[in-house]
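This briefing is meant to be read with the sequence and the coordinates side by side. The points that follow are grouped by topic.

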Amino acid sequence: MTATLPTLYYTPSSCGAANYIAAHRAGVIGTKINTAEVNIGTHVVLTGPKKGSDFYKISASGSVPCIEFPDQTALSQNVATLQYIADLNPDAKLAGSTAMERYQVQSYLGYVASELHAACGSLFNPTLSTEVRNFVVEKYAAKLKFLNDSILKGGKKHLVGDHFTVADSYLYIVLSWTFYLKVDLPENALAFFEHIKNLDFVKEAHAAMKLASEQA
Ligand SMILES: N[C@@H](CCC(=O)N[C@@H](CS)C(=O)NCC(=O)O)C(=O)O
């Protein structure tokens, strides 16, 4: 681990994992960025040189993803962190292949963050009443229907162009939560999820995160 590199803080199943997958796909882990796991329940850093530290001292909001730079400045929000990671290896084209594709990637990052992620976040709250939960699930299901019927119409396997981008990484992770939350995924959304889940580099990234957790 090189101390002069920035560090991506993540958890293996949260939106931070979308950043880990992107960094793995870009081939930059250990050469352009380090990674460290966080427990977002206790806000304690679990791996890396700052193991045992209070994560709030690194990320003021306590949220992953967060990229901490050697001067201790921090970058948060998926919309920014995923593009930062994409830019670490432009050859991987993780933010699109053209200027227009980049704008489309930005558009979908904003869409996933503000429309999907924000719509389901409260469902992780175990104290939510059944009435409130049903209301939130109904709204979330409507958002998933739009994703399914419009954005992924015809069984699209990538949000932008014909290859994997950071927008796919983020959408894949947000959709993965529907199984835990017991919210049904409509057909095209399920096919998109299955396609990304079965990509070799995605499987490798999950295996690497699992190994890092086990070695913590
Ligand atoms: N809008 C933020 C959302 C970040 C977020 O909600 N992160 C969650 C995990 S998916 C988290 O860290 N929750 C624990 C906490 O905020 O204390 C982004 O796009 O980065």
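Lysine 93 lies in the loop between H2 and H3, and at 39% relative accessibility this lysine counts as partly exposed because the value falls between the 20% and 50% cut-offs. The model is a predicted one, and the points below take up its backbone geometry, then helices H1 and H3, and then its largest pocket.

**Backbone geometry in the loops**

- Most residues other than glycine have a negative phi, and most peptide bonds are trans.
- Lysine 93 departs from that pattern, since its phi is positive, near 55°, although the residue is not a glycine.
- Glutamine 72, which sits in the loop between strand S4 (66-68) and strand S5 (74-76), is likewise a residue other than glycine with a positive phi, of about 75°.
- Because its relative accessibility is 56%, and exposed means over 50%, glutamine 72 counts as exposed.
- Valine 64 and proline 65 are joined by a cis peptide bond with an omega of about 0°, and proline 65 belongs to the loop between strand S3 (44-45) and S4.

**Helix H1 (residues 15-26)**

- The twelve residues of H1 should span 16 Å at 1.5 Å a residue, and the end C-alpha atoms of the helix are 17 Å apart, which agrees.
- Ten of these twelve residues are buried, so H1 is largely enclosed by the rest of the structure; among them are Cys15, Asn19, Tyr20, Ile21 and Ala26.
- The buried residues of H1 pack against strand S1 (7-10) and strand S2 (34-39), and also against H2, H3, H5 and helix H7 (200-214).
- Glycine 27 follows H1 and has a positive phi, near 70°.

**Helix H3 (99-120)**

- For the 22 residues of H3, a rise of 1.5 Å a residue gives an expected span of 32 Å, and the end C-alpha atoms lie 31 Å apart, which agrees.
- H3 nevertheless bends by about 30° at valine 112, and valine 112 is itself one of the buried residues of this helix.
- Also buried in H3 are Glu101, Val105, Tyr108, Leu109, Tyr111, Leu116, Ala119 and Cys120, and the elements that cover the buried residues of H3 include helix H2 (78-88), helix H4 (130-151) and H5.
- Valine 105, one of the buried residues of H3, and glutamine 72 are 33 residues apart in sequence and 28 Å apart in space, taken from C-alpha to C-alpha.

**The largest pocket**

- The largest pocket holds about 590 Å³ of space and is lined by 27 residues, of which Ser14, Cys15, Val64, His117 and Trp177 lie nearest its centre.
- Two of these names recur from the points above, for Cys15 is a buried residue of H1, and Val64 takes part in the cis peptide bond to proline 65.
- H3, helix H5 (166-181) and helix H6 (187-197) each supply at least two residues of the pocket lining, and H5 gives the most, with six residues.
- Which classes of residue make up the lining of the largest pocket? The lining has 13 nonpolar, 13 polar and one charged residues.

Note on methods: Residues numbered from 1 in each chain as written. Predicted model: local features only at pLDDT ≥ 70, side-chain atom pairs only at ≥ 80, totals over all residues. Heavy atoms only, no water. 1 Å grid on protein atoms, 1.4 Å probe; cavity = no way out; pocket = protein on both sides within 12 Å on 5 of 7 lines; lining within 4 Å. Points joined across faces, edges and corners; volume = space filled by probe spheres on them. Helix = DSSP H or I, 4+ residues; strand = E, 2+ residues; numbered from the N terminus. Nonpolar A, V, L, I, M, F, W, Y, C, P; charged D, E, K, R; others polar. Expected span 1.5 Å × (residues − 1). Bend = angle between axes of the 7 residues up to and from the residue. Buried < 20%, exposed > 50% of the residue type's maximum accessible area, 1.4 Å probe, protein only. Contact = heavy atoms within 4.5 Å.
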